[in-house]
Amino acid sequence: MPEAVNHFPLPAAGADSASAAPDNTSHSPRVLTARSLFFISWTAPLVLLLAWEALARAGVLSPQVLPAPSKVLQTALNLIAQGRLLSDLGASLLRAAAGFAIGGSIGFVLGTLVGFSRLAEALVDRSVQMVRAVPFLAALPLVIVWFGVGEGGKVFLVSLGVLFPIYINTVLGIRQVDPKLLELGRVTGLSNWTLIRRIVLPGALPSILAGVRYALAVAWLALVIAETIAANTGIGSLAMDAREFLQTDVIVLTIVIYAGIGVVSDGIARLLERRLLAWHPNYAAKGK
């Protein structure tokens with residue numbers, strides 16, 4: 001009988017066995033770049049926006065209930081042309097910035113003192129926790145009595161809201177610093193100030209910046225409450241005027257503005273994390 005012929009090619013003699021191995025590199029998982037993740041994160045909001053526009057144009061959503069995004073955009077352009085939207089937005093931003101600066105500074109100082117000193121904790125912490133439990137709406141009548149309906153009351157409410165997240169996260173960050181690092185610093189002869197500057201504060205920085213991100217959201221919450229009750233200018237005042245005249249498009253516009261400011265604020269906080277925590281392996285990996 002004729003000998004069977006092998007139709008499968010054999011590797012040449014002496015060839016490297018690795019070259020004959022199947023190439024599995026094409027099946028390796030793809031690593032998503034930062035740009036790809038950025039576009040993916042905006043997919044859901046974009047789809048929601050397109051669906052909202054389509055339902056509004058089809059008549060499923062009534063203009064009195066939820067106007068189309070194109071209508072809201074046209075309303076924004078009209079208010080900008082009238083000069084009111086930018087002035088109200090500027091007033092709100094100034095109040096939020098002033099309140100954040102004041103409340104954030106106080107919260108950081110108190111948190112640092114309590115984080116380092118048990119005596120300061122005994123003197124300060126219980127009072128801070130009691131005030132933190134008071135809702136904004138409960139404190140608003142007293143704030144109006146103290147400051148009237150001027151700018152002071154609004155800045156005070158924002159400062160009060162910002163203080164607590166930064167205070168709590170500063171205390172938590174300082175208390176979570178590895179004691180072995182502190183002991184190592186003392187063994188190497190670092191002074192107390194150098195120990196705080198080189199080890200304690202950098203170690204607490206991730207927690208502090210997490211408090212900053214949360215405080216930015218709370219700042220706008222406090223400002224909305226202040227502006228919707230006692231203000232003649234600002235985004236909250238614009239929303240209240242629109243409510244009186246049943247202008248749903250203006251009300252939706254103010255909500256969209258608050259959401260946009262929240263996204264921008266969180267983006268700024270993330271940028272600070274990447275800049276200030278470039279030495280941290282977890283944050284360094286995110287920045288790549």
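Start with the whole protein shown as a surface: its accessible area comes to about 18,500 Å², and 68% of that belongs to carbon and sulfur atoms. Keep in mind as you click around that this is a predicted model.

**The overall view**

Switch to a cartoon. You should find 13 helices and 0 strands, so colouring by element gives an α label at each step from the N terminus on, as the DSSP runs define them. Now colour by burial: of the 288 residues, 33% count as buried. If you turn on contacts, look at those between residues at least 6 apart in sequence; 73% of them join residues at least 24 apart.

**Stop 1: two crossing helices**

Select residues 118-132, which make up helix H6, and residues 151-175, which make up helix H8. What angle do the axes of H6 and H8 make where they cross? It is roughly 145 degrees, and the axes come within 11 Å. The crossing of H6 and H8 is left-handed.

Next, show side chains where the two helices meet. On the H6 side, pick out Arg118, Glu121, Val124, Asp125, Val128, Gln129, Val131 and Arg132. Their counterparts on H8 are Leu160, Phe164, Tyr167, Ile168 and Arg175.

**Stop 2: a salt bridge at residue 151 of H8**

Stay with H8 and select glutamate 151 together with arginine 95. The two form a salt bridge, with their closest N and O atoms 2.7 Å apart. This pair links distant parts of the chain: arginine 95 belongs to helix H5 (residues 84-116) and glutamate 151 to helix H8, 56 residues apart.

Is each partner buried or exposed? Arginine 95 counts as buried because its relative accessibility is 2%, under the 20% limit. Glutamate 151, at 41% relative accessibility, counts as partly exposed.

Side chains of opposite charge can pair when their charged atoms come close. The count for the model comes to 11 salt bridges, and the next two stops show others.

**Stop 3: a bridge between H10 and H12**

Select arginine 213 and glutamate 273. Their side chains meet in a salt bridge at 3.8 Å, N to O. Arginine 213 sits in helix H10 (residues 192-229) and glutamate 273 in helix H12 (residues 248-276), so the pair ties together parts that are 60 residues apart in sequence. Arginine 213 is partly exposed, with a relative accessible area of 25%, whereas glutamate 273 counts as buried at 8%.

**Stop 4: sequence neighbours, then a network**

Now select arginine 243 and glutamate 244, whose side chains also meet in a salt bridge (3.2 Å, N to O). Glutamate 244 is exposed, with a relative accessible area of 54%. Arginine 243 is partly exposed, with 47%.

Then go back to Arg213 and Glu273 and add Asp266 and Arg270 to the selection: salt bridges that share partners join these four residues into one network.

**Last stop: a nonpolar patch**

Finish on the surface with Phe38, Phe39, Trp42 and Val263. These residues form a nonpolar patch, with about 440 Å² of accessible area together. Zoom in on tryptophan 42: where in the chain is it placed? Tryptophan 42 lies in the loop between helix H2 (34-41) and helix H3 (43-57). With 42% relative accessibility, tryptophan 42 counts as partly exposed.

Note on methods: Residues numbered from 1 in each chain as written. Predicted model: local features only at pLDDT ≥ 70, side-chain atom pairs only at ≥ 80, totals over all residues. Heavy atoms only, no water. Patch = residues over 30% accessible without salt bridge, like charges linked within 9 Å, V, L, I, M, F, W, Y side chains within 5 Å. Areas by Shrake-Rupley, 256 points an atom, 1.4 Å probe, with all protein chains shown as cover. Helix = DSSP H or I, 4+ residues; strand = E, 2+ residues; numbered from the N terminus. Buried < 20%, exposed > 50% of the residue type's maximum accessible area, 1.4 Å probe, protein only. Axes fitted to C-alpha atoms, helices over the stretch in contact; angles between N-to-C directions. Left-handed = near helix turned anticlockwise from the far one by under 90°. Contact = heavy atoms within 4.5 Å.
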